[in-house]
Every structure is written in structure tokens, then in C-alpha cells.
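Subject: Structure handover

Hello,

Here is the structure I promised to pass on. Please open it before you read the notes underneath.

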Amino acid sequence: MTVIWFRLKCIGLLNRGQRNISIFSNATPSNLNKVVSDAEKIVGYPTSFMSLRCLLSDELSNVAMHVRKLVGTKHPLLSTASQRNLAEITELIHTAFLVHRGIVNLKEWTNSDGPLKDMQFGNKMAVLSGDFLLANACTGLAQLNNTKVVELISSAIGDLVQGIYHEIPNRLEDNSLTDEINMVTWEEQTFLSHGALLAKSCQAAMELAKHDKDAQGLAYKYGKHLSLGHKLNSDLQLFVKSSSADPVTFSFNSAPVAFHRQIVGQERWCHQLQQAKTIGRQMDYTKLRSTIKLEKGVTSTIDLCRYHGNKALESIQCFPSSEARSALENIARAVTKF
């Protein structure tokens with residue numbers, strides 16, 4: 001379940017005004033994994049999926065039985081179990097779309113790449129597996145019995161589909177030679193394909209915790225800016241950490257490239273692409289990366305990443321100081337570290 005459960009749980013706790021704990025007071029996290037590892041201490045256990053042994057144990061069955069007895073009461077434990085279910089649903093949706101993205105374009109497949117029938121079988125499994133996860137997510141969503149949450153997550157699924165639809169033609173190298181691109185378009189499309197699910201899940205977590213619309217709006221903004229900052233950070237890794245000798249490939253629609261294309265203009269960009277091609281007409285990504293790093297595309301991306309990290313921090317400042325808020329602040333800071 002990665003860190004989604006933890007984020008949504010902390011979002012739900014924001015207005016409770018819990019005291020700060022020392023592990024977050026002076027934290028300067030260097031990476032997201034370190035921050036999440038520390039933050040798990042709030043929840044009391046790791047946020048990864050339960051092991052099979054745990055799922056099959058008698059102890060867990062007894063716990064589940066006693067929790068069912070609370071249904072119909074106002075015990076706060078039930079609100080927590082709704083937030084955990086929401087995190088699982090969000091992770092299932094995210095995983096389902098990742099599986100679907102793994103489908104191979106067989107039109108470009110050659111005999112040297114391997115047996116075609118194996119790839120055809122793999123594509124069928126990817127479709128069926130993704131559909132299975134998505135169906136389970138939708139079933140779990142209905143079981144939350146909250147129409148506002150169902151509406152939010154359903155619209156996020158629609159956003160994901162629309163975002164991926166826009167991504168498909170942009171994966172083709174030929175289109176990148178002629179298509180215009182700017183960062184406004186990049187942010188809009190990236191939010192649909194990478195940010196809407198987290199943003200609306202954060203809002204849904206606040207809805208489950210019975211917070212008002214203002215608080216829900218701030219949680220939405222936190223999720224939106226955090227996801228955009230994380231995507232920018234991810235796109236930057238090949239440009240800020242890899243050495244010039246490392247073999248690389250990158251999307252022509254990643255943020256540093258999009259900024260670079262906007263800065264140099266389409267005509268100059270097309271010329272740079274031609275110069276980066278080898279005698280065999282293959283793209284020399286290492287050479288192209290060096291060309292991109294000479295301009296301001298990378299530094300502009302870093303600035304935009306920090307902007308979204310700061311906006312995520314701003315969105316939760318009105319909530320009372322608490323260990324939940326401190327943890328969310330550290331996550332937002334972590335996405336701006338390179």
C-alpha cells in the first residue's frame with residue numbers, strides 16, 4: 001500500500017490538534033523513504049500490505065469479528081477503518097492503471113524481441129489483472145457507504161483515463177518533432193494522469209473524518225501540489241543524479257524536456273534532435289541530455305518542484321500543530337530534495 005494509507009490517515013487526523021513528537025520537530029529528511037519510515041511511528045506499524053500469514057491468522061479473524069460489533073456505534077475506531085479502506089482502494093486503482101500501462105505495443109514487435117505469442121498472452125494477462133484490481137476497488141468503494149467519496153474517487157478514475165489518453169500519442173517519437181508543448185499543458189495533463197487520484201483521495205479522507213468543505217479543499221490542494229512535486233522530482237532524477245557516462249533514456253514529455261522545448265523553441269528543438277541522432281538514426285539520449293542540461297530547462301523544473309512543495313506546505317498550515325501535520329510537512333519537503 002506504499003505511503004498512501006499513511007498520507008490519508010494523517011489527513012484525517014489534521015484537525016485533532018495532537019501534540020508534536022520529537023522525531024519530527026527538527027527533521028530535515030533527505031529522502032521520502034526516510035520520512036515515511038519515521039512517520040509510520042504515528043500509525044504504530046508499517047503501512048505496507050499485511051502478510052499472508054497475518055491475513056490467515058486466527059487472531060486477525062477475532063479482531064475483525066470484534067470490530068464488526070462496533071458497526072452502528074460512534075466509536076472512532078470505525079472512522080479509522082474507513083480511512084484505511086480508502087487507502088487500499090486508492091492503491092488498488094493506482095496499481096490497476098500501472099498494470100494497464102504495461103501493455104506492449106505489438107505493432108512494433110519484431111522476431112528478435114522474442115516470441116510474439118508470449119507477448120500476446122502477457123498483454124491479455126495485463127488487461128485482465130488490471131480489470132480485476134479495478135473491479136475490486138469499485139466494490140470496496142461502494143462498501144464505504146458514502147456517496148460523496150464515491151463521487152470523488154469515481155471522478156478521479158475518469159481523470160486518470162483522460163490523462164492516459166493524452167499520454168498515448170505523446171509517447172511516439174515522431175510526434176515530438178512537430179507538436180508544440182508548454183508547461184501549462186504539461187501541468188494540466190500531469191495532474192490528470194498523476195495528481196487527481198491523490199488529491200481527491202485526500203479530500204475523500206477528510207470527508208470520511210467529517211471535516212468541513214474548507215478543510216476538504218485544503219486537503220485536496222495538498223494532494224494536488226504534492227503529487228505534481230513528486231512527478232517533477234521523478235522527472236529530474238536522470239538530469240541531476242546520473243553521470244554523463246550512464247546509459248539513459250527519457251520521455252520527450254518529461255518536465256525538464258518540456259521546459260527546454262518551451263525555452264529554445266520548436267525549430268531549434270527539432271535541430272537538436274537531428275544532431276542527437278546516430279548514423280543508424282537511433283537517438284543518442286546521453287548526447288541529448290547533455291544538450292538539455294546546457295539550457296535552463298533543468299533549473300526551471302527544480303524551481304517548479306520547489307514551488308509545488310511550498311504550496312503543499314502552505315495548504316496545511318492552518319491546521320493545528322500535530323504529529324500528523326508534521327509528518328505531512330516532512331513528506332512535502334522530501335519531494336523537493338535532490
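Below is what was found in it, from the whole chain down to single residues.

Keep in mind that this is a predicted model.

**Whole chain**

The protein chain has 16 helices and zero strands. It runs to 338 residues, and 44% of them count as buried. The accessible surface is about 18,000 Å². Carbon and sulfur atoms hold 55% of that surface. Take the contacts between residues at least 6 apart in sequence: 77% of them join residues at least 24 apart.

**The cores**

Start with the largest nonpolar core, which has 21 residues. Which of them touch the most other members? They are Leu86, Ile93, Phe97, Val149 and Ile153. Four elements give two or more residues to this core: α6 (76-101), α7 (116-143), α8 (147-170) and α10 (183-208). The top contributor is α8, with seven residues.

Look closely at isoleucine 93. Setting aside neighbours within four places in sequence, isoleucine 93 is in contact with Leu134, Ala137, Ile153, Ile157, Leu160 and Leu197.

There is also a second, separate core. It holds 18 residues, including Ala219, Ile316, Phe319 and Val335.

**Helix α7 and the loop before it**

Two residues of α7 are worth a look. Asparagine 123 lies in this helix, and so does leucine 128. Are they buried or exposed? Asparagine 123 counts as buried because its relative accessible area is 12%, under the 20% cut-off. Leucine 128 counts as exposed because its relative accessibility is 56%, over the 50% cut-off.

Their surroundings come next. Beyond residues up to four places away in sequence, asparagine 123 touches Ile103, Val104 and Leu106. Leucine 128 helps make a nonpolar surface patch, together with Phe121 and Met125. The patch covers about 330 Å².

The loop between α6 and α7 contains glycine 102. Glycine 102 is partly exposed, at 48% relative accessibility. Its C-alpha atom is separated by 6.9 Å from that of alanine 126. Along the chain, glycine 102 and alanine 126 are 24 residues apart.

**Helix α11**

Go to histidine 225, which sits in helix α11 (residues 213-240). Histidine 225 counts as buried, because its relative accessibility is 11%. What does histidine 225 touch, not counting residues up to four places away in sequence? The answer is His308, Lys311 and Ala312.

**Helix α12**

Helix α12 (residues 255-264) is mostly covered. Eight of its 10 residues are buried. Those are Ala255, Pro256, Val257, Ala258, Phe259, His260, Arg261 and Val264. Just after the helix comes glycine 265, with a positive phi of about 90°.

**Where to begin**

If time is short, view isoleucine 93 and its contacts, among them Leu134 and Leu197. Then turn to the patch of Phe121, Met125 and Leu128. Finish on α12 and its buried residues.

Best wishes

Notes: Residues are numbered from 1 along each chain as its sequence is written. This is a predicted model: local features need pLDDT of at least 70, side-chain atom pairs count only at pLDDT 80 or more; totals for chains, interfaces and linings use all residues. Side-chain values use heavy atoms; hydrogens and water are left out. A nonpolar core is a set of buried Ala, Val, Leu, Ile, Met, Phe, Trp, Tyr and Cys residues joined through side-chain atoms within 4.5 Å. Buried means under 20% relative accessible area, exposed over 50%, partly exposed in between (1.4 Å probe, protein chains only). Contact means heavy atoms within 4.5 Å. Patches are made of residues with over 30% relative accessible area and no salt bridge: like charges are joined within 9 Å, nonpolar side chains (Val, Leu, Ile, Met, Phe, Trp, Tyr) within 5 Å. Accessible areas come from the Shrake-Rupley method with a 1.4 Å probe; for residues, only the protein chains shown count as cover. A salt bridge is a side-chain nitrogen of Lys or Arg within 4 Å of a carboxyl oxygen of Asp or Glu.
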